[in-house]
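Colleague: I am new to this structure and would like to learn how to read its features one at a time. Could you take me through them slowly, giving the general idea before each case?

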Amino acid sequence: MASTDDYDKAANDIRRPGTSQADGVLDTRELIRHATLAASSHNTQPWKFRIQQDSVTILPDFSRRCPVVDPDDSHLFKSLGCAAENLVHAAKAQSFSADVRFDPDEDGVVILLHRDASAHPTDLYRAIPQRQCVKTAYDGKSLEAWELDVLEKAGERKDVRVIMLLSAAQKDAVIDYVARGNIDQLTDRAFRDELVSWIRFNPNEAIRTGDGLSGRVSGQPALPTWLAKWIIKLVLTPKGQAETDATNIKSSAGVAVFVSREDDKAAWVEAGRAYERFALQATALNVRTAFINQPIEVRSLRSNFEQWLNLSGENAQLMVRFGHGGTAPFSLRRPIDDVVLEE
Ligand SMILES: Cc1cc2nc3c(=O)[nH]c(=O)nc-3n(C[C@H](O)[C@H](O)[C@H](O)COP(=O)(O)O)c2cc1C
């Protein structure tokens, strides 16, 4: 039986400090290790990496899709964007610069790597092993204007911008949208079944799979899977979740919404990159982030939410709350060998 110590050891091992080398020989496994530390929807890690001379291609692993919460695979492609962003910063640490583009023929993200003597390890690179979603309440304090400015800039990408919602009235409106999303999602049997299938209820299960939403991260006691599945049916209610989300959003300094001009795979990858960069910058500033995507995931709410945001022609892609607060145990990842494609 694996213990929580075994779990923490596994989580720390994949986050060991990187080897930054500038001798011109690219350590691609290090690039991929850093890429896999990115966020992914339900921690599905829906990626495969193909290594070639001077390039890495991140391909979707559709066996890990979540058809209920993500029927068009938009979250899946955003997750690939998150991994791509980490890879870019990891390449810089090895004195390589990277050009990233979505290739519709490959259905993947192609990253071309060039030797660049001026590229070096940055604060965002050093933040990669520390970035995490902290899903608990924050300290309720505002951020300094300069911190907000730096964060907003970090989340801006080609055709993606960040809307910062900071006032109490704006947070109240978000709380209302999230609560409506919770009702829709948590009263849907298929949504609940899919969510529960990705929850890892004890260290044994989490370490065996190396993926999913671990109870250790969300502060739940380790339980046998059969018992936990029975209990979660009782505790996972729209009302209970809405109360937790309201407390968490009120405790946050603000909410950031990532919006894109287009709504296709290339735009989803860009939105994922924008979030990951925002989150790395937040980590470097000791600021926590957590997703609250319900009003975007629930189709019947999304256009209403976009109207409230005053968007004309743009698309809401991701929403996170942020603020200062404590850390949480880290999530796990699968071994690198499981995600590298053999040529
Ligand atoms: C596209 C995308 C959508 C996500 N949606 C949610 C969400 O709706 N709610 C949530 O709590 N976390 C969400 N997450 C966060 C993942 O659960 C988290 O990244 C994963 O469990 C790994 O944990 P880590 O980010 O702490 O490493 C999302 C992540 C991504 C990339």
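Modeller: Let us begin with a single position, keeping in mind that this is a predicted model. Val 178 is a residue of helix 6, which spans residues 168-186.

Colleague: Is Val 178 buried or exposed, and how does one decide?

Modeller: The general idea is to look at the relative accessible area, where a value under 20% means buried. Val 178 has a relative accessible area of 1%, so this residue is classed as buried. One can also look at what is found across the chain from it: the C-alpha atoms of Val 178 and Ile 296 are separated by 9.2 Å, although the two residues are 118 residues apart along the chain.

Colleague: How should I read the aromatic rings, and how many aromatic pairs does a search of the whole structure find?

Modeller: For a pair of rings, one reads the distance between the centres and then the angle between the planes, and planes over 60 degrees apart count as edge-to-face. The search of the whole structure gives 11 aromatic pairs. In one of them, Phe 258 and Tyr 275 meet edge-to-face, with 6.4 Å from centre to centre and 80 degrees between the planes. This pair links distant parts of the chain, since Phe 258 belongs to strand 8 (residues 254-260) and Tyr 275 to helix 11 (residues 265-284), with their positions 17 residues apart in the sequence.

Colleague: Which category of exposure do Phe 258 and Tyr 275 fall into?

Modeller: Phe 258 is buried, because its relative accessible area is 0%, and Tyr 275 is buried as well, with a relative accessible area of 0%. Phe 258 also pairs with Phe 278: their ring centres are 5.4 Å apart and their planes stand at 85 degrees, so this pair too is edge-to-face. Because Phe 258 lies in strand 8 and Phe 278 in helix 11, the pair ties together parts that are 20 residues apart in sequence. Both Phe 258 and Phe 278 are buried, and ring pairs link Phe 258, Tyr 275, Phe 278, Phe 291 and Phe 322 into a cluster.

Colleague: What should I look for in the backbone angles?

Modeller: Most residues other than glycine have a negative phi, so a positive value deserves a second look. Gln 45, which is not a glycine, has a positive phi near 50 degrees, and its place is in the loop between helix 2 (28-36) and strand 1 (47-52). Asn 286 likewise has a positive phi, of about 65 degrees, and is found in the loop between helix 11 and strand 9 (288-291). As for exposure, Gln 45 counts as buried at 1% relative accessibility, whereas Asn 286 is partly exposed at 47%.

Colleague: Finally, how many residues surround the ligand, and which are the closest?

Modeller: A useful approach is to list the shell and then examine individual contacts. Here 20 residues surround the ligand, the closest being Arg 131, Cys 133, Asn 293, Ser 331 and Arg 333. Oxygen atoms of the ligand lie 3.0 Å from a polar side-chain atom of Arg 131, 2.9 Å from a polar side-chain atom of Ser 331 and 2.8 Å from an N or O atom in the side chain of Arg 333. Taken alone the ligand exposes 620 Å², of which the protein buries 90%. By class, the shell holds 6 nonpolar, 9 polar and 5 charged residues, and helix 3 (residues 74-93) gives the largest share, 4 residues.

Note on methods
Residues are numbered from 1 along each chain as its sequence is written. This is a predicted model: local features need pLDDT of at least 70, side-chain atom pairs count only at pLDDT 80 or more; totals for chains, interfaces and linings use all residues. Side-chain values use heavy atoms; hydrogens and water are left out. A residue is near a molecule or strand if one of its heavy atoms lies within 4 Å of it. A polar contact is a pair of N or O atoms within 3.5 Å; within protein, one must be able to donate a hydrogen and the other to accept it, and residues adjacent in sequence count only if both atoms are side-chain atoms. Accessible areas come from the Shrake-Rupley method with a 1.4 Å probe; for residues, only the protein chains shown count as cover. Helices (H or I, at least four residues) and strands (E, at least two) are DSSP runs, numbered from the N terminus. Ala, Val, Leu, Ile, Met, Phe, Trp, Tyr, Cys and Pro count as nonpolar, Asp, Glu, Lys and Arg as charged, and the others, Gly among them, as polar. Rings of Phe, Tyr and Trp (its six-membered ring) pair if their centres lie within 6.5 Å; planes under 30 degrees apart count as stacked, over 60 as edge-to-face and the rest as tilted. Buried means under 20% relative accessible area, exposed over 50%, partly exposed in between (1.4 Å probe, protein chains only).
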